[in-house]
Amino acid sequence: MKMNGLAPTSRVSKTSRFPAHPIAGLAGTSFKHQHLQGIIAGGSKDGFFEVHAENYMGAGGPPHDALTKIRRDYPVSLHGVCMSIGGPRPLDKVHLGRFKALVDRYEPALVSEHLAWSTHDTTYYNDLLPLPYTPATVSRVADHIDEMQETIGRPILLENPSTYVLFAESTMSETDFIRALVRRTGCGLLLDVNNIFVSATNHDYSALSHLADFPVEHVGEIHLAGHAEQEDDEGDLLLIDSHDGPVADAVWKLFDVVIGRCGPLPTLIEWDSDIPDWPVLKAEAAAAQAILDRHADSLFGKAHAAG
């Protein structure tokens, strides 16, 4: 089912349990339960929070209690990590049903998944694994995106991967592959700027050139995160999309370039291990918000001058 014409933005029904919270131009962070009291004590209702869907697939308990408190005051983005959209097997109907239940329950402003696979037969891998870029893979992934969008009744944002290997059988560039998926399914895109930088460094190509060919007109959300530096077997630099530290200076610079092209899009700071105290994570979001606001002011100034 091609979802053209349905924008992946906030959708609140007439019987919504939550007030409407606009998300355009906001910076947000991953929601971690240990930050709940600090968030509430801070009093500010700025920004938004993103959660991994798989952490909330139980029926109730403390996770849902915490997320309900957050959702009353903030927009929420629902980010899937285990749908295995790029896998060769059919989507797990039980998992997909649980995902839909979360969408219905929390009415997220944005819904996203990864361009990756993470299951094989009955084995589930704790990783997001890459796939070859071929027309056959486009067809399979598009079918899975269509099924997911049809089930939840709204378009998703598809996140570009961080990669550490390339496939000899690939016949398409990553950007052409992603562009073909958007054309086939009508999905939007989640542009992870750190993933762009990690992949470009690991495969020795220009991150700026990659971004120049990325279909940014379809981007509905941006991710920023920290990465770790390691060495491969030959002693060359290898970057890992680790989400365990602050955003690197080079990634901030790329983000500035992206916002200059796209305008102020919802931007999420991911920090999923070695989690800092809330003020540290909040400061990262504030840095992103400053860049978003600067570009928004510039756009407003240009529009005012033209008028």
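1. In this predicted model, eight strands close into a barrel with parallel pairing, in the order β1-β2-β3-β4-β7-β8-β9-β12. Neighbouring strands of the sheet are turned against each other by 30° on average, direction ignored.

2. The strands β1 and β12 deserve a separate remark. Strand β1 (residues 27–30) and strand β12 (residues 267–270) run parallel and are joined by three bridges. Within this pairing, I269 of β12 is the bridge partner of T29.

3. Strand β3 (residues 76–79) is covered on both faces. V76 and L78 on one side are buried, as are S77 and H79 on the other. On the β2 side, four bridges join β3 to strand β2 (residues 49–52), and the two run parallel; here H52 stands opposite H79. The chain passes from β2 to β3 through helix α2 (residues 62–73), in a right-handed β-α-β crossover.

4. Strand β3 also pairs with strand β4 (residues 110–114), again in parallel, through three bridges. In this pairing S77 of β3 stands opposite L110 of β4. Helix α3 (residues 93–106) completes a right-handed β-α-β unit with β3 and β4.

5. Helix α6 (residues 193–203) lies across three strands: β7 (157–159), β8 (188–192) and β9 (219–225). Its direction makes an angle of about 60° with β8.

6. A search of the whole structure finds six aromatic pairs. One of them is formed by F18 and Y106, which are stacked, with 6.5 Å from centre to centre and 20° between the planes. F18 belongs to the segment before β1 and Y106 to helix α3, so that the pair links distant parts of the chain, 88 residues apart. F18 counts as buried because its relative accessibility is 6%, under the 20% limit. Y106 has a relative accessible area of 3% and is therefore buried.

7. A further pair consists of F49 and Y74. The ring centres of F49 and Y74 are 5.0 Å apart and the planes stand at 85°, so the pair is edge-to-face. Because F49 lies in strand β2 and Y74 in the loop between α2 and β3, the pair ties together parts that are 25 residues apart in sequence. Both F49 and Y74 are buried.

8. Which residues do ring pairs link into a cluster together with F49 and Y74? They are F31 and W278. Residue F49 thus appears both in the edge-to-face pair with Y74 and in this cluster.

Note on methods. Residues are numbered from 1 along each chain as its sequence is written. This is a predicted model: local features need pLDDT of at least 70, side-chain atom pairs count only at pLDDT 80 or more; totals for chains, interfaces and linings use all residues. Side-chain values use heavy atoms; hydrogens and water are left out. Two strands pair if DSSP finds at least two bridges between them. Axes are lines fitted to C-alpha atoms, for helices over the stretch in contact, and angles run from 0 to 180 degrees between N-to-C directions. Contact means heavy atoms within 4.5 Å. Buried means under 20% relative accessible area, exposed over 50%, partly exposed in between (1.4 Å probe, protein chains only). A crossover is right-handed if, with the strands pointing away from the viewer, the path from the first strand over the helix to the second runs clockwise. Rings of Phe, Tyr and Trp (its six-membered ring) pair if their centres lie within 6.5 Å; planes under 30 degrees apart count as stacked, over 60 as edge-to-face and the rest as tilted.
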